[in-house]
Amino acid sequence: MKLTQQDKARLLGIDARTLRKWRKEKPFLYEIIEKGFGFDEIVDASKESYEKAVSIKEKFKANK
């Protein structure tokens, strides 16, 4: 699920205008924030893939 700027600001406990301001005035900070959210997406996707693999493994185990 993609987060909007509003969602990201809410999670950070700041106003969306502050996040937009950081994007313009503090690009390095904004980049770090975006990488953090990207990392969270990767972790969530990896977790889902792992859980799906375990589920498939269990189905095959049960069919033996």
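This passage describes the helices, nonpolar core, salt bridges and surface charge of a predicted model.

Three helices frame the description. Helix H1 covers residues 5-12, helix H2 covers residues 16-25, and helix H3 covers residues 27-62. Arg10 belongs to helix H1 and is exposed, with a relative accessible area of 55%. From Arg10 to Pro27 the sequence separation is 17 residues, and the C-alpha atoms of the two are 19 Å apart.

In soluble globular proteins, nonpolar side chains tend to be buried together. In this model, the largest nonpolar core has six residues, namely Ala9, Ala16, Leu19, Tyr30, Ile33 and Phe37. At least two residues of this core come from each of helices H2 and H3. Helix H3 makes the greatest contribution to the core, with three residues.

Side chains of opposite charge can pair when their charged atoms come close. The model contains five salt bridges, and three of these pairs are described here.

In one salt bridge, the side chain of Lys2 meets that of Glu41 at 4.0 Å, taken from N to O. This pair connects distant parts of the chain, since Lys2 is in the segment before H1 and Glu41 is in helix H3, 39 residues apart. Lys2 counts as exposed because its relative accessibility is 69%, and exposed residues are those over 50%. Glu41, with a relative accessible area of 33%, is partly exposed.

Glu34 and Lys8 also form a salt bridge through their side chains, with an N to O distance of 2.8 Å. Glu34 is part of helix H3 and Lys8 is part of helix H1, so this salt bridge ties together parts of the chain that are 26 residues apart in sequence. Lys8 has a relative accessibility of 9% and therefore counts as buried, the cut-off being under 20%. Its partner Glu34 counts as partly exposed, at 26% relative accessibility.

Another salt bridge joins the side chains of Lys35 and Glu31, at 2.9 Å from N to O. Here both residues are in helix H3, and they are four residues apart, about one turn of the helix. Lys35 counts as exposed, with 55% relative accessibility, whereas Glu31 counts as partly exposed, with 37%.

Charge also gathers on the surface. Asp40, Asp44, Glu48 and Glu51 form a patch of negative charge there. Of these residues, Glu51 is located in helix H3. Glu51 counts as partly exposed because its relative accessibility of 44% falls between the limits of 20% and 50%.

Tyr50 is likewise located in helix H3. The relative accessible area of Tyr50 is 57%, and this residue is therefore exposed. Between Tyr50 and Lys61, which are eleven residues apart along the chain, the C-alpha atoms are separated by 16 Å.

Key
Residues numbered from 1 in each chain as written. Predicted model: local features only at pLDDT ≥ 70, side-chain atom pairs only at ≥ 80, totals over all residues. Heavy atoms only, no water. Patch = residues over 30% accessible without salt bridge, like charges linked within 9 Å, V, L, I, M, F, W, Y side chains within 5 Å. Areas by Shrake-Rupley, 256 points an atom, 1.4 Å probe, with all protein chains shown as cover. Lys, Arg positive; Asp, Glu negative; His and termini not counted. Charge placed at Lys NZ, Arg CZ, Asp CG, Glu CD. Buried < 20%, exposed > 50% of the residue type's maximum accessible area, 1.4 Å probe, protein only. Core = buried A, V, L, I, M, F, W, Y, C linked by side-chain atoms within 4.5 Å.
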